[in-house]
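Biologist: I'm new to this one. Could you show it to me and then let me quiz you on the words you use for it?

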Amino acid sequence: MMRKAQIEVPIPDRVAAGKTLAGLLEAYRNQPDAIVLALPRGGVPVAWEIARELGLPLDLMLVRKLGMPGHEEYAMGAIASGGVRVLNQEALGFGRVSESTLEAVTARERRELERRDRLYRGERPQPELRDRQVLLVDDGLATGSTMRAAVQAVRQQAPARIVLIAPVASTEAIASLRPLVDEVVCPLVPDWLSSIGEWYRHFGQTSDEEVQELLREAWSR
C-alpha cells in the first residue's frame, strides 16, 4: 500500500515536511508498539516532528551512503547498523569501481557511522524492534540505496511492520523499495528528480549539533 496526499511544493523545510507526513500517519498515533526511526542527519528533523505530533518514541537508524569516488553525491551503495551493506551493481559497473576502492570507501564510511553512533547515542542502548511497527523516516529518496540498507537492517530484527516514510522520492526509488516494506507514505513522487534539495525551499545541511539537540529533547520526554 502506498499512501499519498497533497504537499506544498516546494516543501518549505524539513519541519513542514514532518508536519505534513504526521497528518498521513494518524493510524499510528499513540500506538504502544510503534516507533519512529530517523535516518541521520537530514531525516532527524522530519522524524522528530512525526514522533512529537503522534506521541511516539524517536530513535535512529544509522546509515551511510557509499559515494562514487569523484562523484560522491551518486550512491554506489550504502551501509547500515548491524553490518548491512547494499550495493548498486549498475553504478559499480558504470563507474568501473575496483574491489579495493569499494572496500576502502566502505571502511571509511563504517568509521563515520561508528563515530556518529557514539556521538548521537552515547551509552543509550539500541532500540528493541522485534514485533514492533517501525516508521522509517528520511527527508527524501533519490536512488533509494540508503533506505534499502536501513530496511534490511530493520528487517533483521523481525519487526511486525515496516513503514517507509519520506516527503519526496524518485519513481525509481519507490519502485525498488515498495516490495520490501509493508507501507509507503510519500506525498511527492515527481516524474523527474535530479536531487532532493530542488524540491525544498530551504534545504540546508542538518548539523550534528541539531541532531543531538533534537534527540536530547525527544529522549527527555
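Modeller: Here are some questions and answers about two helices and a few strands. Keep in mind that this is a predicted model.

Biologist: What makes H1 oblique to H2?

Modeller: The axes of H1 (residues 14-23) and H2 (residues 43-54) cross at roughly 40°. Angles under 35 degrees count as roughly parallel, and 65 to 115 as roughly perpendicular. The crossing fits neither range, so H1 is oblique to H2. The two axes come within 7 Å, and the crossing is right-handed.

Biologist: How do you know that H1 and H2 meet, and which residues do it?

Modeller: Contact means heavy atoms within 4.5 Å. On the H1 side the residues in contact include Arg-14, Val-15 and Leu-21, and on the H2 side they include Pro-45, Ile-50 and Leu-54. By class, the contact has 8 nonpolar, 1 polar and 5 charged residues.

Biologist: Why is strand S2 called mostly covered?

Modeller: Buried means under 20% relative accessible area, and 5 of the 5 residues in S2 (residues 34-38) are buried. Ala-34, Val-36 and Ala-38 point one way, while Ile-35 and Leu-37 point the other way. In a regular strand the side chains alternate between the two faces of the sheet.

Biologist: What makes S2 and S7 a pair?

Modeller: Two strands need at least two bridges to pair. S2 and S7 (residues 133-137) have 5, in the parallel sense, so they count as paired. Leu-37 stands opposite Leu-136 in S7.

Biologist: And how many bridges join S2 to S3?

Modeller: There are 3, and S2 and S3 (residues 58-60) run parallel. Ala-38 has Leu-60 in S3 as its bridge partner.

Technical notes
Residues numbered from 1 in each chain as written. Predicted model: local features only at pLDDT ≥ 70, side-chain atom pairs only at ≥ 80, totals over all residues. Heavy atoms only, no water. Axes fitted to C-alpha atoms, helices over the stretch in contact; angles between N-to-C directions. Helix = DSSP H or I, 4+ residues; strand = E, 2+ residues; numbered from the N terminus. Parallel < 35°, antiparallel > 145°, perpendicular 65-115°, else oblique. Left-handed = near helix turned anticlockwise from the far one by under 90°. Nonpolar A, V, L, I, M, F, W, Y, C, P; charged D, E, K, R; others polar. Buried < 20%, exposed > 50% of the residue type's maximum accessible area, 1.4 Å probe, protein only.
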